[in-house]
Amino acid sequence: MTQPAIAAERLVKVYQGRPAVDGISFTLPADSLTGLLGGNGAGKTTTIAMIMGLLAPTSGAVRVLGADMQRERFSALKHMNFVSPYIDLPMRLTVRQNLMVFGRLYCVDDLADRIGVLVREFDIHDLLDRPTGRLSSGQKTRVSLAKALINQPKVLLLDEPTASLDPDIADWVRARLERYRSESGATILLASHNMNEVERLCERVIIMKKGQIEDDGTPARLLQRYGRLTLEQVFLDVARGNSGIREPVL
Amino acid sequence: MLPAAIRAYVNPFFDRETAMRDSMQTALSDFTDSLRRIAAMVGRYSYVMRGSWPRLAELVYWPAVNMLMWGFVQTYIGQKAGYFAQAGGTFIGAMLLWDILFRGQLGFSISFLEETWSRNLANLLISPLRPVELAIAMMIMSLIRLAIGIVPVSIVANVFFGFNVYGMGIALAAFFMNLILTGWAVGILVSGAILRNGLGAESLAWTVMTLFMPLACVFYPVAVLPSWLQTAAWMLPPTYVFEGMRALLIDHQFRADLMIEAFALNLVLFIAGAKGFAKLMDAARRNGTLLQTGE
C-alpha cells in the first residue's frame, strides 16, 4: 500500500482544559486536493498547525511523507510549504529578495530559473523590485503563492488563501492551484470558509465542528447525503446542528 | 569474474565502504545545505540593514555619543586626579567593552525581533531552517552590526582621546570573545522569551543587559561593592572582563586567570541559554504561540 502524504492519528489538542481538536484521524493520499471546512473555532487552523509541526498535539501523532512531525519534522519540511493570510513575508524586502531568501532556505537548485518560472506563472515581473509591504492584498497573495511553490512542495497547506481577495483574483488563484496540483501531483490541504472554492477545487471534503470530524466525503457525496444543492447549505446544516442527513453516515 | 568464495569474502568490505561513502556524502550535503540556509538568513538581515540608512546610522550613533561623553569625563577626571591620570583610558575602554556586550546582545535580539515585527516567524519555522542555523545567522549579524558600530567609534577614540583599544592586543581578543559569548547567551534566552510570550517580551531585548551594568562593575572595581553583592558580581562573566581590563590598563598586567574563569562561566551561561531557549520553544509549541507572535 502506498504511504499517505499526511496521516493524522487520534489527534488531540487541549488548551486550558478545552479541546480545540478532539481525537481526529484521517489520511490524505499523495496527489489529492482536500478541503477542510468548519466554522470559526472548529479546529481547522489548529489541525493545520499540528500538521506543520508548529503546534505540539496534546496526544496523537501526525506523519507527513512518513515523518513524525514531532520528532523528525525537518525531513518533511523541505518538501512542504504553507500559505496563510495571517502570516507575512518580510515587508521591507523586495519581492525578488524574498524569493531569493526563501529559495535559499529551501536549498532550491537553479534558483534564478525557478524564480523566473514563478515570475511568469504568477505574473509578478513588475513587482519584483518593490518592497513586499507596499503591495496590495491581491499582489501579496500572488507573491505568497510564488514563495509557497518555490520548493515545488509535495505537500501544500493553504489556510484561507483567498480570504480578503476580490472574486477575480480569488478565481485566478484557484486556477493556479488547480494547475500546480495537476502538474506536480502534490497533496494539497485547503482550509476555507469559501464553499464555492471548496466545491470547485476539492475532490474530498472534511467537515470539522467543535474539534471533531463531523463528516468526510466527496462534495457530490456530501450533497447527496444531506439532500442539498450546495456545500454552503451542507455547511450550514452541520454548523447549526440540523443534520438533515437523508442516509446514514458510513 | 571473481570466484564465489572470494566474492563472498570481499563483498562485505565493498558494501561497508560504499555505505560509508554514501553516509559521508549525505553528511556533506546536509552540511552544505545548512551553510546555504545560514547564508540565506544573513542575506535576509543584510537586505533589511542595507535598505534602511536610519538603521545603519543608529548602529554608530549611540556608541559614538557614549564614547564622546565618557571620553570627556575621562579627560576631565584625568586632569584632576592622579590615580585616574595613571589609569588612562579606563572609562573609554570600559565604555567600548560595554558596547561590545550590550550591542552584541542587541544585535542578536534585533535580528530575531525583525521576524516577529514582520510576522515572518511562522514562515521560518515551517521551512527546513533549524533553530541552530537561525542562531548562527543571528550571531553573524550581531558581529556585522558590532563591526559597523564599534570600529568607527574605536578610531574616533584614538583620534580624539588618544586611546587605542587595539593596543590591548591579545587581551582585547579575550575580552571580546568573553563579552560576545555573554551577549549571545542572553540574546538566545531573550529570543526564547519573545517566542514564548510574543512581542509583549520585546522590552526585555532592550533592557535585560542593563541589569548586568551595576553588578558587572563596568566603570568601577568589584571592591567598591558591599561584600554580599561582590559574590553576585563574580557570578557574571563580564565582571571578570572589566576587572581584567582595569588590571591591564592600570597595572599593565594581563590576567589570563580571569579570562579562563569568565570563559568557564560563559560556557555554563551559553548552555543554560540554549537549554532555556529549547524549553521556551517547546512551551510555545505546546501553547500555540508560534502562529501568533504579535502583541
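Let me start with a crossing: α4(B) passes α11(B) in a right-handed sense. Keep in mind that this is a predicted model.

Some detail on that pair. Helix α4 of chain B covers residues 90-117, and helix α11 of chain B covers residues 237-251. Their axes come within 10 Å and cross at roughly 150 degrees. The cut-off for roughly antiparallel is over 145, so α4(B) counts as roughly antiparallel to α11(B). Who makes the contact? From α4(B) we have T90(B), G93(B), A94(B), L97(B) and L101(B). From α11(B) we have P238(B), V241(B), F242(B), M245(B), R246(B), L249(B) and I250(B). By class, that contact has nine nonpolar, two polar and one charged residues.

Stay with α11(B), and turn to α12(B). The axes of these two helices come within 8 Å. They cross at roughly 160 degrees, which makes α11(B) roughly antiparallel to α12(B). Which hand does this crossing have, left or right? Left: α11(B) passes α12(B) in a left-handed crossing. On the α11(B) side, the contact uses P237(B), Y240(B), V241(B), E243(B) and G244(B). On the α12(B) side, it uses L258(B), M259(B), E261(B), A262(B), L265(B), N266(B) and L269(B). The class count here is eight nonpolar, two polar and two charged residues. Note V241(B). It is listed in the contact with α4(B), and it is listed again in the contact with α12(B).

Now chain B as a whole. It has 12 helices and zero strands. From the N terminus on, every element in the run is α. What about its dimensions? The C-alpha trace spans about 95 × 50 × 40 Å along its principal axes. A compact globule of 295 residues would have a radius of gyration near 19 Å, but chain B has 24 Å.

Next, chain A. Its secondary structure comes to nine helices and 10 strands. Its C-alpha trace spans about 55 × 40 × 40 Å along the principal axes. How does its radius of gyration stand against a compact globule of 250 residues? The globule would be near 18 Å, and chain A has 18 Å, which agrees.

Chain A has an open sheet of four strands. The order is β2-β1-β4-β5, with antiparallel pairing. Which strands stand at the edges? They are β2(A), residues 18-28, and β5(A), residues 67-68. Each has a single partner strand, so one side of each is left without a neighbour in the sheet.

Look at the β5(A) end. Strand β4 of chain A, residues 59-64, pairs with β5(A) in the antiparallel sense over two bridges. There, R63(A) stands opposite D68(A) of β5(A).

A helix lies across this sheet too. Helix α1 of chain A, residues 44-52, lies across β1, β2 and β4 of chain A. Against β1(A), residues 6-15, the helix runs at about 120 degrees.

Last, the interface. How many residues does each chain bring? Chain B has 27 residues in contact with 24 residues of chain A. On the chain B side, three elements give two or more residues: α1(B), 4-50; α5(B), 121-125; and α12(B), 256-287. Of these, α1(B) gives the most, with nine residues. By class, the chain B side has 11 nonpolar, eight polar and eight charged residues. So α12(B) turns up twice today: it packs with α11(B), and it gives residues to the side that touches chain A.

Notes: Residues are numbered from 1 along each chain as its sequence is written. Chains are lettered from A and ligands numbered from 1 in the order in which they are written. This is a predicted model: local features need pLDDT of at least 70, side-chain atom pairs count only at pLDDT 80 or more; totals for chains, interfaces and linings use all residues. Two residues are in contact if their C-beta atoms, placed from the backbone, lie within 7 Å. Ala, Val, Leu, Ile, Met, Phe, Trp, Tyr, Cys and Pro count as nonpolar, Asp, Glu, Lys and Arg as charged, and the others, Gly among them, as polar. Two strands pair if DSSP finds at least two bridges between them. Axes are lines fitted to C-alpha atoms, for helices over the stretch in contact, and angles run from 0 to 180 degrees between N-to-C directions. Angles under 35 degrees count as roughly parallel, over 145 as roughly antiparallel, 65 to 115 as roughly perpendicular and the rest as oblique. A crossing is left-handed if the near helix is turned anticlockwise from the far one by less than a right angle, and right-handed if clockwise. The radius of gyration is taken over C-alpha atoms; the globule rule is 2.2 Å times the number of residues to the power 0.38.
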